[in-house]
Amino acid sequence: MGYKKKTIILGAIALLLSLLYIFYDLTGNISYILPKRVIKVVAIILTGGAIAFSTTIFMTITNNRILTPSVMGLDSLYMLTQTIMLFLLGANSLVMMNSNVNYLISIGAMIIFALLFFRLLFRGEGNNIYYLLLIGMILGTFFSSFTSFMQVLIDPNEFMLVQDKMFASINNVNTNLVYLSIVLILLVIIYFLRFYKYLDVLALGKDQATNLGVPYNYVVKRLLIISAVLISIATALIGPITFLGLIVVNISYEFLKTYKHAYIILGSVFISIIALIGGQFIVEKVFSFQTTVSVIINFVGGIYFIYLLLKENKTW
């Protein structure tokens, strides 16, 4: 079976799961329940699509299928931003009470950090992508440590607000945030179309891409910013899901067995939607909301990450 047919099958499964989630056991006040389920599915599609899209771009740039945008420290920065806002402004402030304002500030902080980060690291020609990743991991660790320190100082009652944001949750997604996310993601995709043609060549590596006429540094900077913006939108919308991108992109590569990024991106998006909707269905119907979808995905993702490390280690 070719990768085109496999992509269509993945899309069909994602569509069927979406319809199953929306219409399964649809009883009671349908006029209230149906719109909420539709909004959840749209939020899942946006989040899963943004994470898969972002991770595919990031893995192509780094030529490494283990590294994800999380190594830049964006997930840790999101938690730090939430903790600082709560610590300085309090739980009753406009920023914490108004989800729209909180969403925009969170995205703004992550995008500004990414822009400054890339600006500083790409000032010299000698800095390569691995230097960026190393600094990103150090900053991520620093953000996590500083967040933990500030959380100790916060009032225990207010700490519950931050704790709710530590794990991704689709149950209480704000409708306005979904509409805003659609607009932002569409703008990012329109900007990305200028650089789409370079992805297949960038997968060959820096030297080959440069020899084939790709303005490597210019393209990589823009693609890194696109990746950072997408992961920022997804994280601010429902919270951090560390291993989702790692799982879906690697499965897409293994399942489709093609180098064409048009199909890898589509396959990753469909697998991401399948994973999130399937996980949310399990959370609601099996665990009765006793856990969150991010816990399930991070558990599976952690095991899969160890498997990938062992697989890459030839001496194993």
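The predicted model has an average pLDDT of 81 over the protein, and 90% of the residues score at least 70. Confidence varies between the helices: the highest mean, 89, belongs to helix α1 (residues 3-23), and the lowest, 69, to helix α7 (residues 156-165). Where pLDDT is low, the predicted coordinates should not be read in detail.

Within helix α1, Ile-22 was examined for its surroundings. The relative accessibility of Ile-22 is 11%, so this residue counts as buried, the limit for that class being under 20%. Apart from neighbours within four places in sequence, the contacts of Ile-22 are with Leu-34, Arg-37, Val-38 and Val-41. For one of these contacts, that with Val-41, the separation is 19 residues in sequence, and the C-alpha to C-alpha distance is 7.6 Å.

On the surface, Phe-87, Leu-88, Leu-89, Phe-142, Phe-146, Phe-149, Val-152 and Leu-153 form a nonpolar patch of about 840 Å². Two helices, α3 (74-89) and α6 (129-153), each contribute at least two residues to the nonpolar patch. The most is given by α6, which supplies five residues. Among the patch residues is Val-152, which is located in helix α6. Val-152 has a relative accessibility of 67% and therefore counts as exposed, since the class requires over 50%. Ile-22 in helix α1 is by contrast buried.

Technical notes. Residues numbered from 1 in each chain as written. Predicted model: local features only at pLDDT ≥ 70, side-chain atom pairs only at ≥ 80, totals over all residues. Heavy atoms only, no water. Patch = residues over 30% accessible without salt bridge, like charges linked within 9 Å, V, L, I, M, F, W, Y side chains within 5 Å. Areas by Shrake-Rupley, 256 points an atom, 1.4 Å probe, with all protein chains shown as cover. Salt bridge = Lys/Arg side-chain N within 4 Å of Asp/Glu carboxyl O. Helix = DSSP H or I, 4+ residues; strand = E, 2+ residues; numbered from the N terminus. Buried < 20%, exposed > 50% of the residue type's maximum accessible area, 1.4 Å probe, protein only. pLDDT = per-residue confidence, 0-100. Contact = heavy atoms within 4.5 Å.
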